[in-house]
Amino acid sequence: MNSFKYCYGPVGSWRLGVSLGVDPVSQPEKVCNFDCRYCQLGSRPARQPGRAVYLLPDELGEELERIKAPADYVTFSGRGEPTLAANLTELRLECVRRRPERTAIITNSSLMYSAKVREELACFDFVIAKLDAPSVGLFMELNRPGVGVYFEEVVRGLILFSKGSRGRLALQTMFVAANRDQARALARLYADIGPDEVQLNTPLRPCAERPLSREELGAVAAEVSAELSRLGAGAIRVINVYGEKAPEVEPVSAPDTLLRRGKTRGIKKDI
Ligand code: SF4
């Protein structure tokens, strides 16, 4: 039986190497408290920020055991926002029990205001946290958050998380036409938050937004790096989706992987 409800991949990732995906919400429709304009899962009104249990650790463990392919990371992501899983810690511990890989999570940062969620995230080896906008107006326009998600709380939560005890932290920004001229303002926020790494992305999978070209994103990266250096934060590593290589990997179940990740437009890139 090669069908999987909660796991997908492994996939070659430009920022994680070989990544075995875990979808801790695993619903037919996306479960997210954002409705980003560029979302590859399509547009759906953002849900309320309440957390819920979508799958049990044993169910995840059974699938993790069946996948023999090795990976660099077991990565929590999928069809929605992984921190909306109320049993995130139990699911992470199940991964640690069943697999030798390090754990990573890709979050939209919406619940960073919560000390409990920050504590849960601090146990992952690698947290990749979204920050697309330097202002509340652009945040509302680009990420279209649901009720109860506030830009100031997201930023404050990211700062608290970064300054606390944690594993590796990357901030990721999806650049599209609406925020491409915000590189400097975003760099100032990156410097305030102080991650280990900044990942500059643009939507290469089919969605409602046009991706920036290699040249356009390169110009954004140069501006971000220059501003970080000017602010004395030049030690923060800056990478972009066009500049990194993703390893070639065969997923154990191609249909389940496609359902979570969608296709890339012409360029083989990752999550
Ligand atoms: S946070 Fe991710 S899943 Fe949620 S709407 Fe944005 S892109 Fe889609």
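**Close-up 1. Serine 26 is a buried residue, with a relative accessible area of 16%.** Keep in mind that this is a predicted model. Buried here means under 20%, so serine 26 makes the cut at 16%. You'll find serine 26 in the loop that runs between strand E2 (17-22) and helix H1 (57-66). Its phi is near 40°, which is a positive value in a residue other than glycine. Most residues other than glycine have a negative phi.

**Close-up 2. Serine 109 is another residue with a positive phi, near 75°, and it isn't a glycine.** Look for serine 109 in the loop between strand E4 (102-107) and helix H3 (115-122). Serine 109 is buried, with a relative accessible area of 1%.

**Close-up 3. A cis peptide bond links glycine 9 and proline 10.** Omega is about 0° here. Most peptide bonds are trans. Proline 10 sits in strand E1, which covers residues 7-13.

**Close-up 4. Here are the residues around the ligand, including Lys30, Asp35 and Asn108.** The ligand's other surroundings are Cys32, Phe34, Cys36, Tyr38, Cys39 and Lys130. Sort this shell by type and you get five nonpolar residues, one polar and three charged.

**Close-up 5. The largest nonpolar core has 70 residues.** Who touches the most other members? That would be Leu60, Phe76, Leu121, Val127, Leu131, Tyr190 and Leu200. Helix H6 (residues 183-193) gives the most to this core, chipping in six residues. There's also a second, separate core of seven residues, and Ala104, Ile106, Phe126 and Ile128 are among them.

**Close-up 6. Leucine 200 and its contacts, setting aside neighbours within four places in sequence.** Among the residues that leucine 200 is in contact with are Trp14, Thr173, Phe175 and Tyr190. Also on the contact list for leucine 200 are Leu217, Val220, Ala221 and Val224. Val238, Ile239, Asn240 and Val241 are in contact with leucine 200 too.

**Close-up 7. Glutamate 216 makes a polar contact with arginine 180, side chain to side chain (3.1 Å).** Glutamate 216 belongs to helix H7, residues 214-230. Is glutamate 216 buried or exposed? It's buried, because its relative accessible area is 18% and the cut-off for buried is under 20%. Leave out neighbours within four places in sequence, and glutamate 216 is in contact with Arg180, Arg210 and Pro211.

Definitions and conventions: Residues are numbered from 1 along each chain as its sequence is written. This is a predicted model: local features need pLDDT of at least 70, side-chain atom pairs count only at pLDDT 80 or more; totals for chains, interfaces and linings use all residues. Side-chain values use heavy atoms; hydrogens and water are left out. A residue is near a molecule or strand if one of its heavy atoms lies within 4 Å of it. Ala, Val, Leu, Ile, Met, Phe, Trp, Tyr, Cys and Pro count as nonpolar, Asp, Glu, Lys and Arg as charged, and the others, Gly among them, as polar. A nonpolar core is a set of buried Ala, Val, Leu, Ile, Met, Phe, Trp, Tyr and Cys residues joined through side-chain atoms within 4.5 Å. Buried means under 20% relative accessible area, exposed over 50%, partly exposed in between (1.4 Å probe, protein chains only). Helices (H or I, at least four residues) and strands (E, at least two) are DSSP runs, numbered from the N terminus. Contact means heavy atoms within 4.5 Å. A polar contact is a pair of N or O atoms within 3.5 Å; within protein, one must be able to donate a hydrogen and the other to accept it, and residues adjacent in sequence count only if both atoms are side-chain atoms.
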